[in-house]
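Hello,

I'm passing a structure on to you, since you haven't worked with it before. Please have a look at it first, and then read my notes underneath.

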Amino acid sequence: MKVNKIARLARWILLALLLVWITYESAMHQILGGGKSPSVHALCPYGAIESLYAILVSGTLLQKIYSGTFLLLGITILIAVLFRRSFCGLLCPFGALQELFGRIGLKIWKKRPMIPVKADRILRYLKYLMLVLTAVMAWRLGRLWMAPYDPYAAYGHIANIAGSIAEDPWTVIGFILLGITLIGSFIYDRFFCKYLCPAGALYAIAGKISPTRVVRDNQVCIHCNLCSKACPVNIDVAKIDQVTTAECINCNECVAVCPKKGALSVKIFKKSISLLVVLLLVAGLFFIPVFVAQATGNFQVLPESLKTGETGSFNEVKGYMTIAEAAEAVGLSEKEFYVLFKIPESISSDTRMKDIANIVAGYSFDTIKDSLK
């Protein structure tokens, strides 16, 4: 039981560190520029799904998506196959943010409010619809179609809300959905995970073949119902013998709070495994390949031209770059770049590409960049 408490604390610490890290990287990307920090899109595994069609058909990646994103997708799918939706429950920074709001809400509400069962059952299918919709639209349009409406992307742009909205007015929808997500999590916990997350839907599908599950021994169980109360995605663990639902994010909070030894356990191929071992295995599966890829130079989350100094395609032009940096990245003189990107000569070359929209109404360098391809 002591090991379970240690595992629970370790999970919270890991989630907190990942949330702090992704918040820092996102802020630095907005404040200092992406040459030093990757965008939130580059650090989200789902971006690889959106870019899959483009790389298969044309061998190119969507804007803001780099090869490292595909490594993250592969790792997280492997984790889902082996340990169900453990990425969601043990590693996802946005899930951690929602759970933080859920914990605060629980302190206030004492008893968490519940969405009516029938409505809840229907709403949970929305994430599968979002999975299909975002992937198909990205493949058809050849861009991150969902980016302006994505609450996770909005969170990554909090440090530059005004600039983000000026660059693309539709981004305001993403910030509104972020607010709804946090308020929803404050009331119901893990609101976006349960109802809208397309990545969660993908891992839920992959996790259906996983040999890992939470098992309840009804002979040992004292029916205190603490497991059901602890579940952030509202699975009634106290009433089932095995948690096989795709909704389980494998956070193992139910096992960690169980006061009766042996009543609840995590099993892989019918063999019990410690919560701490599960956490270490999942974390190892995620971080070790990333560290190896970084050490060998195969984990790209920034434009290649920034590392090599070589000129690239128009896809190398990023919002954090100054006009001068963008011109250099694609091998053009500043004069040529101003003409091609329809930038008024009165704008200083020290101006960041994403800030041009604050000066020239309706200007979108992404739209121009797409036309130049």
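Below is what I found, beginning with the whole chain and ending with one helix.

Please keep in mind that this is a predicted model. The protein chain has 20 helices and four strands. Of its 373 residues, 53% are buried. Contacts often reach far along the sequence: among those between residues at least 6 apart, 72% join residues at least 24 apart. The chain exposes about 17,800 Å², and carbon and sulfur atoms supply 66% of that area.

Next, the interior. The largest nonpolar core has 70 residues, and Leu91, Phe94 and Leu264 have the most contacts inside it. Helix α15 (residues 275–295) gives the most to this core, with seven residues. Leu264 is a good place to zoom in: leaving aside residues up to four places away in sequence, it touches Val214, Val215, Arg216, Cys227, Val237, Cys254, Val255 and Cys258. There is also a second, separate core of 18 residues, which includes Met321, Ala326, Ala327 and Phe365.

Finally, helix α7 (residues 126–141). At 1.5 Å a residue, its 16 residues should span 22 Å, and its end C-alpha atoms are indeed 22 Å apart, so the two values agree. Which residues of α7 are buried? They are Lys127, Met130, Leu131, Thr134, Ala135 and Ala138. These cover an arc of only 115° around the axis, which puts them on the same side of α7. An α-helix has 3.6 residues a turn, so residues three or four places apart point the same way. On the other side of α7, Leu129, Val132 and Arg140 are exposed.

Enjoy exploring!

Best wishes

Conventions. Residues numbered from 1 in each chain as written. Predicted model: local features only at pLDDT ≥ 70, side-chain atom pairs only at ≥ 80, totals over all residues. Heavy atoms only, no water. Core = buried A, V, L, I, M, F, W, Y, C linked by side-chain atoms within 4.5 Å. Buried < 20%, exposed > 50% of the residue type's maximum accessible area, 1.4 Å probe, protein only. Helix = DSSP H or I, 4+ residues; strand = E, 2+ residues; numbered from the N terminus. Contact = heavy atoms within 4.5 Å. Expected span 1.5 Å × (residues − 1). Arc of directions from axis to C-beta. Areas by Shrake-Rupley, 256 points an atom, 1.4 Å probe, with all protein chains shown as cover.
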